[in-house]
Amino acid sequence: MSAHAASVVQGAALADSLHSSTGVDVTRCYQCGKCSAGCPLAGEMDYPSSVLMRLLQTRQPEMDEKALRSHSIWLCLSCETCFCRCPMEIDIPKVSDFLRAEAVRQKKVHPAARNILRFHKSFLDVIHYAGRLYEVGLIADYKSRSWNLIQDVAMAPVLFFKGKLKPFPHLVKNRRALHKLFKKTQNEEARP
Amino acid sequence: MSRIGVFVCHCGENISATVDCGRVAEVCGKIPGVVHSIDYKYMCSDPGQSMIREAIREKRLDGVVVASCSPRMHEPTFRRACEEAGLNPYLCEMANLREHCSWVHEKGEATTEKAIDLVRILVEKVKHNHPLFPIKVPVTKTALVLGGGIAGIQSALDIANAGHKVIMVEREPSIGGHMSQLSETFPTLDCSQCILTPRMVEVAQHPNITLYTYAELESLDGFIGNFKARIRKKSRSLDEKLCTGCGLCTTKCPNKRIPSEFNARLGQRTAIYVPFPQAVPNKPVIDRTHCTYYTKGKCRVCEKVCPTQAIRFDQADEIVEHEIGAVVVATGFNVKESDFFPEYGYGRYKDVISGLQFERLLSASGPTLGEMKRPSDGKTPEKVVFVACAGSRDKAKGIEYCSKICCMYTAKHAMLYKHKVHHGEAYVFYMDIRAAGKMYDEFTRRAIEEDHVHYIRGRVSRIYERNGKLIVQGADTLLNAMPVEIEADLVVLATAGVANEGAEALAQKLHVSYDAHKFFVEAHPKLRPVETNTAGVFLAGACQAPKDIPESVGQASGTAAKVAALFSKDELTREPLIAMVNRCAPPLYSTCVGCFLCQSACPYQAIEREEIRDRSGKLIKTVARVNPGLCQGCGTCVAFCRSKSIDIQGYTHEQVYAEVMELFA
Amino acid sequence: MKMGYFPGCSMGGSSREYGESLLAIAPELDLQLEEIHDWNCCGASAAHNLNKKLSLALPARNLGLAGQQQLEELLVPCAACFSRLAGARHELHQDEALRHEIEGVIELPLEQMPRSLNILDVLQKVFPQELNGRLRHPFAHKVACYYGCLLVRPPAIAQFDRPEDPQVMDQIMQRIGAEPIDWAFKTECCGAGMSIPRTDLVGALCAKILEDAVSRGAEAIIVACPMCHSNLDMRRSAINKAAGKTYDIPVLYITQAIGLALGLPPKKLGLHRHIVPVRLPERAATPVLEPVSAQEES
């Protein structure tokens, strides 16, 4: 805990914005570790879920920063195992969602997670365009963002011949409604 | 005309610092009906009290108002002073000039005026006071102790040794409770049965104690000092006078595969059985739900082999009645089983067991005769994982409290395991180590430092079985929540302590409060832990909340002291500030119309029906009657009464009305 | 039984065989499905990972459209879509102000939001009590029923079966003659949306799942979610790489298993579209019809 942390006044602690936005109260967490113990990817994470809770509980800007910049929040699969077992019924996946959106908003995404973010963005771009997932479009868009050109290239012909890859997208009829929907929720969305 | 005395106290500077006491005395002296009015520095002191006594005698006072501190401080003091001078103590009232006036206001005219008002209105009230006399209720000096565990045993022995009679009622075939199931107790590692059984025998042999085992309370009526208990002695299917306790029947019974309750279902017993070798009384019981004779009509081997022909298949339950003065509830607690945990296997893994089951494995009288063998295949477990806080401190599972004893017994279990299996590895997954008793922390440190038990801070998320091993998935929260996976041979869950089966039904029989978790509720959590809000019913042991043996024993002795205090008098004196239904001359007899709204409103079941009959026995009317032994003077009935027929003595409608009207005068 | 139908995006693409097998067995089970007109993507993980309002608006639009079609119940075969639709309904039910806000975004009323049912819930309801002669080829194999995450979690949203060691899929499989094994990875995550951005993690997670199933004698994995199928089947090479060994065990959709048992041809059920060839050992039909209960084990 650094001395200057106490003097930072601007902006509410992340835990408070989290509470007003989602209703989740991190003070309920007593660091039992059951969430981390059951998390399938805890071993890969820099801050497993119980540690993320602790970072937020300190209500210190540097700890909030660590939480936002963590790799963990992007690795989180939203498998809901932690929430299901948490003795204090804390909606941890909701916390992850909140931190992810906030990390993008504040441009503090962990470097190793960039491809994951790119994937989500590509996905949403395709939905925005077509209304339904168009897998070829998704992969093309993702490759253009991630420059991961080789991955899955070998799979493409196999999938195509098995009839699992549609060459053309199915466009939703009322695309206008969909555009409006995206526009109205835009100010929440992550900007690239 | 009244002759009231007003005594204004300075209370050192407490009152006089902000209130002009002299002026209060002067002004109040002029109130019609006040014949004496003085002020003094310390009214509660000996000289102060003397002043009151002298004034009563000299001025023939028929009412006293002491204007000083809160009645909660000195009401008994001043009432006694009046009584000594020959004035009925309930003709003495106190005006609280301290807590209600001087301590909460600044010095000034308004404060003094308020003080004068406070005295003025009480003077008016006192003009309407009547002499009241304490109520006397007789006391039966017999205690009923429900529950024969360590708390019940301690309480019963203390009460019996104080010279009073005790009736002990125990639901199981033997007394001893959970303590008899333990192998060794913390922090001394005393053999549990060795320290318990002498007391059990003492109870059985004590001339003042009547012991009913395999019995339950059927009903309890009455009130403090005057209860009537009906006890159901469940049929043992045995003539106890003929049975010598030889145990031959238990060895010959062919029905051997019934899960043993005493062994926490890890072992088996016969249909006719004695729960454990040191049982008190050492007489068997036939379990009619499993016995072949009762379920299928065949067998009767026990009857054939019994050397004294003591078996009585057609024996019925018996109801016995006793007059009781006080009830001690010491019915204990229970622990959750492994099937309570979906994430630990729903109870289907034989080697995931509860702490109580592990006690039985450790115990020399247990299913493995004290050898460390795991339930599934009897192999010696090389790696044992102990899961603390299994179910406790868990809002999601509905048990948000801490079960108190688990940290200690988990350390004990780990140590005892290591003592039996020297090369074995013991792991404890914990959240905190709660070792707050005498020598407790030293005990847990011993487990870690001397017996090399591995303590890992983190809760276990999941346990599953693979190839005969139990995979335990936990985390080390002190190492950045690093996942820890252990392949264990045996897992012991320190399961939550919960209220015993039947607690709710018993509480309702006794009219005792219980909480959301079905633990019985004490009268005050800090200052009255062994009493309940029901006069005459006391609590001892874990039925109130999970606790360990020293606390249970200490509490049980405390309960016994309360009971002994109750029994120290032949009569109980109660404050007469209770409700009373009015009576007047015939033909009305009472303004009470017999609607009995008060009876349903009364939280203490203190209102009864009384039949008013004429000389020939014909019923004139049925009215309400307050039982002076039970009424607590709460006033709920007064608020409900539509005809204003019921009133609180000392706070009648008349008195309160006089006070209020004087305020506006 | 008639109900609404939300296919979800994968049915048309990489999980085509799921849709095919579902529509193939629907008439056999007397299930009439009315597709929501012009439905859109539910938002999957991408929406909730980045934008809360969007993650509610996308599924809500589908609920609104379904409401306009007077549909009261929806079959949602994809577990993720099911979770999003049920989750949106749950949240908008509780928060009236939020519901009005989303109604404004999607320009559709949400007064009557239809209830979403997952595939197992519906199958359990429509599966006939008496199969008798209809069970042409009892699925007499040892199977590992893999539920994945979102069919049973979080309990407040899924409101289905039990989150630890669920039983419904096992019971359905038993009714078609299979022998479901008791195994430890029924609800452990397959890696979900990491299929493309972190294929290595999917490989590692699925390797654990397959290892447990195979070591306990399973001959097939049965799934009820396109994402799970894709990770366990399409990503088999990544799994083999992570495990350092080759797994041959096929992954079937429950609809395909039922189709096979009812005697439908494998091609109609899309079995040829799998990456891992569906080869099951031949065995004499020995249907086991007693219900599996949790207490039965050991």
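B:Arg348 and C:Asp165 join their side chains in a salt bridge, with N to O at 3.5 Å. That pair belongs to a predicted model. The rule finds three salt bridges in total across the interface of chain B and chain C. On the side of chain B that touches chain C, six residues are charged, three are nonpolar and none is polar.

**Extent of the contact**

Chain B brings nine residues to the contact, and chain C brings twelve residues. About 1000 Å² is buried between the two chains. Carbon and sulfur atoms give 44% of that area. Three residues, B:Tyr346, B:Arg348 and B:Arg462, supply 60% of what chain B buries against chain C. No other three residues supply more. B:Arg348 thus appears twice: in this trio and in the salt bridge with C:Asp165.

The counts between chain B and chain C are set out below.

| Item between chain B and chain C | Value |
|---|---|
| Salt bridges | three |
| Residue pairs in polar contact, both at pLDDT 80 or more | five |

**Confidence**

The predictor gives the complex an ipTM of 0.89. The pTM is 0.86. Chain C has an average pLDDT of 91. In chain C, 94% of the residues score at least 70. Where does pLDDT stay under 50 in chain C? It does so over residues 288-298. For this stretch the model has 16 contacts beyond four places in sequence.

Conventions:
Residues are numbered from 1 along each chain as its sequence is written. Chains are lettered from A and ligands numbered from 1 in the order in which they are written. Side-chain values use heavy atoms; hydrogens and water are left out. pLDDT is the predictor's confidence in each residue, from 0 to 100. Contact means heavy atoms within 4.5 Å. Buried area is the accessible area (1.4 Å probe) that two parts lose on being put together, summed over both. A salt bridge is a side-chain nitrogen of Lys or Arg within 4 Å of a carboxyl oxygen of Asp or Glu. A polar contact is a pair of N or O atoms within 3.5 Å; within protein, one must be able to donate a hydrogen and the other to accept it, and residues adjacent in sequence count only if both atoms are side-chain atoms. Ala, Val, Leu, Ile, Met, Phe, Trp, Tyr, Cys and Pro count as nonpolar, Asp, Glu, Lys and Arg as charged, and the others, Gly among them, as polar.
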